[in-house]
Amino acid sequence: MTKLPAENNHRSKVVEKLDRIFEKTGGWSYDHRWVILFVCIMVFGLCLYLAKDVRFDNSFEAYFDRDDPVYKGFLEFRDHFGSDEIGYILYEAPEKKYGVWDLAVMRTIDEISIKIEENAPFVKRVLSLSNAEFIEGRDGELIVHDILNDFPETQEDMLKIRDKVLAKPLYLNGLADASGRFGAIVVEMHKSSIDQLEEIQVDPEKGNDIYNLYPQASAMAIKKVLSAYENTGIVFYNTGDVELNSEYNIMAMKESQRLGMITFIVIGILLAFFLRSFSGIVGPLSVVALSMLISVSFIGIMGWKFDLLFSILPTVLIAVGVADSVHIVSDFRTYYKSLNDRRGAIKRTLYLTGLPCLFTSLTTVAGFASMAISPIKIIKHFAIYSAVGIFGAFVLSVTFLVVFLSFGKKSINGNSPEKSRKKDLGNVLLKKSLQYVARFDIRYKWTIIIVSLIVGIFAAGGVLQIRIDSNFLSEFSDKVDIKRVTKRVDEVMGGTISYSYVFNSEAPEGIIEPEVLAEIKALQDKANEMDIVMKTYSIVDLLQDINKTFHDEDPDYYVLPDTKAQTAQYLLVYEMSGGEELENYITSSYGSANLEIRTKLANASETEKFVDSMDRFLQSRNSDAIKPILTGMGALWYKLIKYIVQSQIAGFLIAFSVIAVMMCVLFGSVRVGLLSMVPNLAPVVLTLGVMGWAGVPLDYVKLMIGCISIGIAVDDTIHLVNRYQHEFRRCGNYEKALLNSMNHVGRAIFITSVVLFSGFLVFLNSLMDSLAQFGVLVSATIITAFMADFFLMPALLLALKPFGPEFSIEE
């Protein structure tokens with residue numbers, strides 16, 4: 001046996017000073033509880049005021065900074081060609097002999113098209129089989145008119161029109177399918193989800209209410225029109241950018257409120273079961289409620305908006321923020337009974353738990369804040385405002401929570417030992433279990449280490465198998481109609497996602513040069529060969545249709561004009577004949593052209609194959625013609641996935657490094673600090689490994705698991721190792737120190753793990769699959785971290801003796 005090493009003496013003096021600061025904080029908070037209560041009420045009011053104008057926004061504006069080069073390219077595209085967002089309503093009439101070409105059905109569709117254009121806000125125009133622009137030749141002239149300009153009187157006349165339309169490639173898979181079974185209503189919008197707030201309000205007097213903004217207001221108006229025709233024998237499949245974005249925004253807002261409330265109730269019940277006191281329930285919940293409001297007000301101060309990840313915040317903050325409170329309340333109850341003095345118990349509690357709570361909060365903040373390096377606004381903002389809320393919860397835990405603990409009897413007078421024993425009967429089984437775990441660790445330490453190593457190797461193999469993929473539709477649960485509807489539409493025609501290849505010429509009329517048009521056609525033909533592509537649109541379609549029309553609908557002339565002069569003449573005649581489609585394909589100076597490609601809402605991996613294939617095709621062309629720029633909503637989603645992969649891997653490495661340094665500082669030893677990271681890295685690796693072996697892909701929500709989990713998992717490790725080190729300094733024996741540590745902090749670690757597990761498991765109730773899966777995976781990581789803290793961490797400390805050799809305590 002030896003004496004306590006000198007370096008441990010030095011470290012203990014530094015810790016002692018910090019512990020005394022927290023002890024004084026506890027005493028001051030007790031003595032000035034009314035001041036603290038008044039300040040917290042004022043903060044509550046101020047936060048409410050700052051948060052009142054924050055609105056929900058899940059547009060691309062929420063994901064990209066305006067200085068982002070990809071986003072800037074998209075904005076330039078918008079300036080030239082307007083919004084590429086549409087509402088897409090597929091329909092069929094299965095009970096009618098002629099389906100969508102039934103005369104009565106066509107009249108109904110015409111009526112619906114008019115009503116949507118009249119009643120839905122922000123609509124540019126509505127296209128359907130009843131009013132789409134149709135080109136034909138009569139007596140050597142080009143005639144441009146609506147398909148049903150003169151509504152047919154008989155079914156026979158309608159079928160003749162059907163044959164004409166289905167012979168035009170321009171309309172196939174866009175407004176009608178080749179079989180004639182399906183038709184579509186395309187609602188083109190002149191606004192976009194990226195437009196400024198004041199531009200997308202329907203009624204300025206109603207302010208920023210989500211239902212007063214685009215696209216929600218437009219989507220509701222379209223639904224209202226369609227609902228009036230439910231009994232007409234027409235089946236509608238309403239999807240497209242407008243409906244998808246609207247459903248997404250509304251659901252994310254509702255999920256935030258609903259899941260936050262459920263978490264609040266679940267954790268309140270758990271606190272009542274474990275802590276069984278008014279202050280132990282209301283205190284922690286008040287702390288997280290105020291810290292949540294601090295986060296929201298911070299969003300308001302920064303001029304940010306609520307986004308999808310904000311729907312995670314209430315559950316995360318409630319689950320994580322309550323952890324410090326549980327440790328403080330649990331230790332307070334112990335010392336209140338032993339010291340028989342409320343103020344003394346508060347001081348003693350913060351003396352022992354203040355520093356660990358500070359570092360658990362800092363490590364959790366580091367885990368979340370590491371995501372701030374992301375170029376994606378939604379992740380960057382979430383990292384910052386969640387970190388603010390988490391640190392706010394710590395400050396409130398050592399001040400505001402004390403207000404609740406300060407009320408009541410100053411001492412436990414009149415409580416007999418027998419009565420106290422009866423009151424503690426509920427903890428007896430837990431205490432015995434914790435002692436059993438400690439003895440198991442002592443007896444089987446090497447077995448635990450070897451088994452953990454084998455499991456770690458297995459998990460590492462799975463990590464190598466993991467793939468990163470995402471699909472916007474996977475955000476929605478199968479219970480949500482929009483998911484089923486969109487899948488059905490993508491099986492038929494239309495295409496839910498839009499990509500645009502923009503050809504920019506330096507010279508006016510440069511686009512109508514034959515070689516440039518040939519390049520547009522070549523790229524369009526390449527796109528049409530791919531399974532993911534449902535429909536393409538470009539100036540080529542229009543020119544080929546005009547050329548065919550001028551040659552008596554001879555299919556051999558469905559080709560581009562031979563010369564620039566002929567192309568210019570066709571376009572002039574088209575516009576003079578009343579044609580209005582040019583602005584969708586080409587600018588007025590003929591200097592820029594847009595090739596729009598609408599695809600299925602596919603996985604990011606399929607999208608990547610599509611984009612890579614198109615890039616290889618462009619690189620293989622030997623032409624000196626203009627090289628196009630890829631943009632559009634689909635291109636933004638594609639770039640988003642790329643950003644996520646890069647930033648989250650880097651974020652995890654930063655989080656791990658920063659937390660490791662903090663652990664080394666806290667424990668006064670590089671060896672102890674790095675050793676304590678093993679049981680925190682292990683759960684993340686195990687979760688990702690299982691995902692890899694099971695074939696579960698990482699999307700942009702699941703990719704946050706690493707940063708968030710390591711920040712959360714390390715909290716219990718800090719409390720355990722800090723207490724273990726404290727007990728070792730007192731007794732000089734590793735086995736005895738473990739038994740004492742489990743007896744003091746084991747109960748609180750168990751409670752916080754149950755609270756965190758249950759809190760994140762609430763996400764299972766979400767109607768958004770990405771959140772439900774995120775909750776399950778984080779919950780699994782928390783349970784694994786709990787097992788690692790109770791078994792692997794003690795085994796490593798017992799086997800490696802990082803605190804130094806055992807020693808005897810001098811009397």
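## Briefing: aromatic pairs, a four-stranded sheet and two buried polar residues

Phe368 is buried, and Phe382 is buried too. The model that shows this is predicted. Its protein chain has 811 residues, and buried residues make up 59% of them. The chain holds 26 helices and 10 strands. Its C-alpha trace spans about 115 × 55 × 45 Å along the principal axes. Take contacts between residues at least 6 apart in sequence: 79% of these join residues at least 24 apart.

**Aromatic rings**

- The structure contains 35 aromatic pairs.
- One of them joins Phe368 and Phe382. The ring centres are 6.0 Å apart, and the planes make an angle of 55°. This pair is tilted.
- The Phe368–Phe382 pair links distant parts of the chain. Phe368 belongs to helix H10 (residues 342–369), and Phe382 to helix H11 (residues 377–397). The two residues are 14 apart in sequence.
- The pair counts as tilted because its angle of 55° is neither under 30 degrees nor over 60.
- A single aromatic cluster is formed by Phe273, Phe274, Phe750, Phe786 and Phe790.

**Charges over rings**

- Arg342 lies over the face of Tyr336. The distance to the ring centre is 4.5 Å.
- Lys535 lies over the face of Tyr537, with 5.5 Å to the ring centre.

**The open sheet S2-S5-S1-S6**

- This open sheet has 4 strands, in the order S2-S5-S1-S6. The pairing is antiparallel.
- Strand S2 (123–127) and strand S6 (235–240) are the edge strands. Each pairs on one side only.
- Neighbouring strands are turned against each other by 15° on average, with direction ignored.
- S2 pairs with strand S5 (residues 182–189) over 4 bridges, in the antiparallel sense. Val126 stands opposite Val187 of S5.
- Helix H6 (residues 216–227) packs on the sheet. H6 touches strand S1 (86–92), S5 and S6. The direction of H6 makes about 175° with that of S6.
- Helix H7 (residues 241–275) also packs on the sheet, touching S1, S5 and S6. For H7, the angle with the direction of S6 is about 75°.
- S2 is an edge strand, yet S2 is mostly covered. Of its 5 residues, 4 are buried.

**Strand S7 and its partners**

- Strand S7 covers residues 497–504. Is S7 enclosed or open? S7 is largely enclosed by the rest of the structure, because 7 of its 8 residues are buried.
- S7 and strand S9 (residues 592–599) run antiparallel and pair over 8 bridges. Val502 has Asn594 in S9 as its bridge partner.
- S7 is also joined to strand S10 (residues 629–631), by 3 bridges. These two strands run antiparallel. Here Ser500 has Thr631 as its bridge partner in S10.

**Asn594: a buried residue in S9**

- Asn594 lies in strand S9. Its relative accessible area is 6%. That is under 20%, so Asn594 counts as buried.
- Which side chain makes a polar contact of 3.3 Å with the side chain of Asn594? The partner is Ser500.
- Leave aside neighbours within four places in sequence. Asn594 is then in contact with Phe77, Phe81, Ser500, Tyr501, Tyr537, Ser538, Asn584 and Tyr585.
- Two of these contacts appear elsewhere in this briefing: Tyr537 has Lys535 over its face, and Ser500 is bridged to Thr631 in S10.

**Ser779: a buried residue in H26**

- Ser779 sits in helix H26 (residues 769–800).
- The relative accessible area of Ser779 is 1%. Ser779 is buried, because this value is under 20%.
- Where is the backbone nitrogen of Leu761? It lies 3.2 Å from a polar atom of the Ser779 side chain.
- Ser779 touches Phe757, Phe760 and Leu761, with residues up to four places away in sequence not counted.

Terms used
Residues are numbered from 1 along each chain as its sequence is written. This is a predicted model: local features need pLDDT of at least 70, side-chain atom pairs count only at pLDDT 80 or more; totals for chains, interfaces and linings use all residues. Side-chain values use heavy atoms; hydrogens and water are left out. Two strands pair if DSSP finds at least two bridges between them. Axes are lines fitted to C-alpha atoms, for helices over the stretch in contact, and angles run from 0 to 180 degrees between N-to-C directions. Contact means heavy atoms within 4.5 Å. Rings of Phe, Tyr and Trp (its six-membered ring) pair if their centres lie within 6.5 Å; planes under 30 degrees apart count as stacked, over 60 as edge-to-face and the rest as tilted. Buried means under 20% relative accessible area, exposed over 50%, partly exposed in between (1.4 Å probe, protein chains only). A charge sits over a ring if NZ of Lys or CZ of Arg is within 6 Å of the ring centre and within 35 degrees of the ring normal. A polar contact is a pair of N or O atoms within 3.5 Å; within protein, one must be able to donate a hydrogen and the other to accept it, and residues adjacent in sequence count only if both atoms are side-chain atoms.
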